[in-house]
Amino acid sequence: MSFYTPSSNISNLPASSDAALAHSRKLQSVIREDIAVAGGWITFARYMELALYYPGLGYYNGGATKLGGSGDFVTAPEISTLFGYALARQVGQISAEIAGYHDKADVLEIGAGSGKLARDMLRELEQNDCLPQHYYILEVSAELRERQRKLLAEHTPHLMSRVIWLERLPEHFVGTILANEVIDAMPVHLIEWQGDNILERGVVWQESEEYELQALDGKFVWQSRPFADDALKATVGDLAQHINPQHDPDFVYCSEINQLAGSFIRSLAGMLQQGVVMLIDYGFGRGEYYHPQRTQGTLMCHYRHHAHGDPFYLPGLQDITSHVDFSALNDSAEDAGLSLLGYTTQAHFLLNCGITEILSRTPVEDVQHYLPLTGQLQKLISPAEMGELFKVIAFGKSFDPPLDGFASGDKSRML
């Protein structure tokens, strides 16, 4: 066993209100009790699950604003309507190709955030005369579901009859399944290579009188243990060839494995009868994800638009994410009977979908509207912003036509 304490610099993060701190302390108590019940140690995946999704207290279920300027981070649909309009063009093509009857193809958005992507897509689909019969939304956060209903009722009231919120995946589905920045928020296991030893990094509660995080009487710290999960151990063994850690007892390499992502893909494949699964997120192919120089993995936390690396800071008040291993997604999809339709950067995808043409619908002379849109476009496609780090991957079932969004810039060789 070995212990590690977070080394993130959190001294410059914005202060929290007394109510927010009290909220976090309640969740800390819940996690501390879970650790005690488990015998004093839990996997990081379990910690992340509780920190993000515990009913009423977890980050996504706690009621605080997550998205936008008053939240903790900004997603592409929050940045610009151009994103949803461009994505709608790809969805429209898919719908039209399915059996030649686009009104028979539905849309299912998983993790719809504030609802802005749904709003923008419905607007563009309506303008192009290819509205789906149903626009389903599967959202785990009750607070976000309410925000989505309010936004759509305000901006697209005449289309509300087409929007249906689901509690679980449908048994059967035909059409397009979308998930924008969903997989990065799934709980991950942390794996640690120490020379020739491979361990799982978990979480324990350490009693302390010196901890200053407005906490209880101690703190959460890392503790690594041998694997208890054979399936996880087998997955880690397969990755060893990509990581090739140094045979040095002092060398430590840490990274993440997202087991839930594979289960998620298999669930989608099981209910999809005909259509396309399209996933948009930040990440890499396996070779880059587990690059030998990426010794601390990709785990990242977001609090009030500040990024840092300490997942133990104020649980329940901050987002915790990890990048996506798109090679693993592709492997799971292939095993589940889905075919790879394309993999490219967000920049290439949006350009292929005609985002610059959509921008041109706003006259250059209309400076008040045109200039902000050009700035938004830059954020979406610039390599220095979201253009390169974010990727789009699509899988199909009983669907063969090439997708417009992958007409150029295909990076399938990187998987």
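This passage walks through the fold, the cores, the salt bridges and a few unusual residues of a predicted model.

Starting with the overall picture, the protein chain folds into 13 helices and 17 strands. Of its 415 residues, 54% are buried. The accessible surface adds up to about 17900 Å², and carbon and sulfur atoms hold 49% of that. Looking at contacts with a separation of 6 or more, 79% come from residues 24 or more positions apart.

On to the inside of the protein. Nonpolar side chains tend to be buried together in soluble globular proteins. Here, the largest nonpolar core counts 51 residues, and Leu-87 and Leu-380 have the most contacts inside it. Helix α4 is the top contributor to this core, supplying eight residues. What does Leu-87 touch, once residues up to four places away in sequence are set aside? The list is Leu-117, Met-121, Leu-178, Met-278, Ile-280 and Phe-349. A separate core of 28 residues lies apart from the 51-residue one, and its members include Leu-166, Met-271, Val-277 and Tyr-343.

Helix α2, residues 44-53, is a good place to see burial at the level of one element. Seven of its ten residues are buried, so the rest of the structure largely encloses this helix. The buried ones are Phe-44, Ala-45, Tyr-47, Met-48, Leu-50, Ala-51 and Leu-52. As for what surrounds them, these buried residues pack against helix α1 and against strands β2 (42-43), β7, β8, β9 (218-225) and β14 (319-321).

Ala-105 gives a view of burial in a loop. This residue sits between α4 and β3 (106-110), and its relative accessibility of 0% makes it buried. Leaving out residues up to four places away in sequence, Ala-105 touches Ser-95, Ile-98, Pro-132, Gln-133, Val-174 and Gly-175. Its C-alpha atom is 9.6 Å from that of Cys-130, a residue 25 positions away along the chain.

Next come the charged pairs. Side chains of opposite charge can pair when their charged atoms come close. How many salt bridges does a search of the whole structure turn up? It finds eleven. One of them joins Arg-32 and Glu-207, with 3.0 Å between the closest N and O atoms. Arg-32 belongs to helix α1 (residues 18-37) and Glu-207 to strand β8 (residues 197-207), so this pair ties together parts that lie 175 residues apart in sequence. Arg-32 itself is partly exposed, at a relative accessible area of 26%.

A second salt bridge pairs Glu-78 with Lys-116, and here the closest N and O atoms are 3.3 Å apart. The two residues come from distant parts of the chain: Glu-78 is in helix α3 (residues 76-79) and Lys-116 is in helix α5 (residues 116-127), 38 residues apart. Burial splits this pair, since Glu-78 counts as buried at 16% relative accessibility, whereas Lys-116 counts as partly exposed at 25%.

Helix α5 also provides Glu-124, which forms a salt bridge with Arg-89 of helix α4 (residues 81-97). The closest N and O atoms in that pair are 3.9 Å apart, and the partners are 35 residues apart in the chain. Glu-124 is buried, with just 1% relative accessibility, while Arg-89 is partly exposed at 25%. This pair is also part of something wider: salt bridges with shared partners join Arg-89, Glu-124, Glu-357 and Arg-361 into one network.

Finally, there are a couple of backbone oddities. Most residues other than glycine have a negative phi. Glu-181 is not a glycine, yet its phi is positive, at about 50 degrees. This residue is in the loop between β6 (173-180) and β7 (189-194). Ser-398 likewise has a positive phi of about 50 degrees without being a glycine, and its place is in the segment after β17 (390-397). Are these two residues buried or exposed? Glu-181 is buried, with a relative accessible area of 17%, whereas Ser-398 is exposed, at 55%.

Methods
Residues numbered from 1 in each chain as written. Predicted model: local features only at pLDDT ≥ 70, side-chain atom pairs only at ≥ 80, totals over all residues. Heavy atoms only, no water. Helix = DSSP H or I, 4+ residues; strand = E, 2+ residues; numbered from the N terminus. Buried < 20%, exposed > 50% of the residue type's maximum accessible area, 1.4 Å probe, protein only. Salt bridge = Lys/Arg side-chain N within 4 Å of Asp/Glu carboxyl O. Contact = heavy atoms within 4.5 Å. Areas by Shrake-Rupley, 256 points an atom, 1.4 Å probe, with all protein chains shown as cover. Core = buried A, V, L, I, M, F, W, Y, C linked by side-chain atoms within 4.5 Å.
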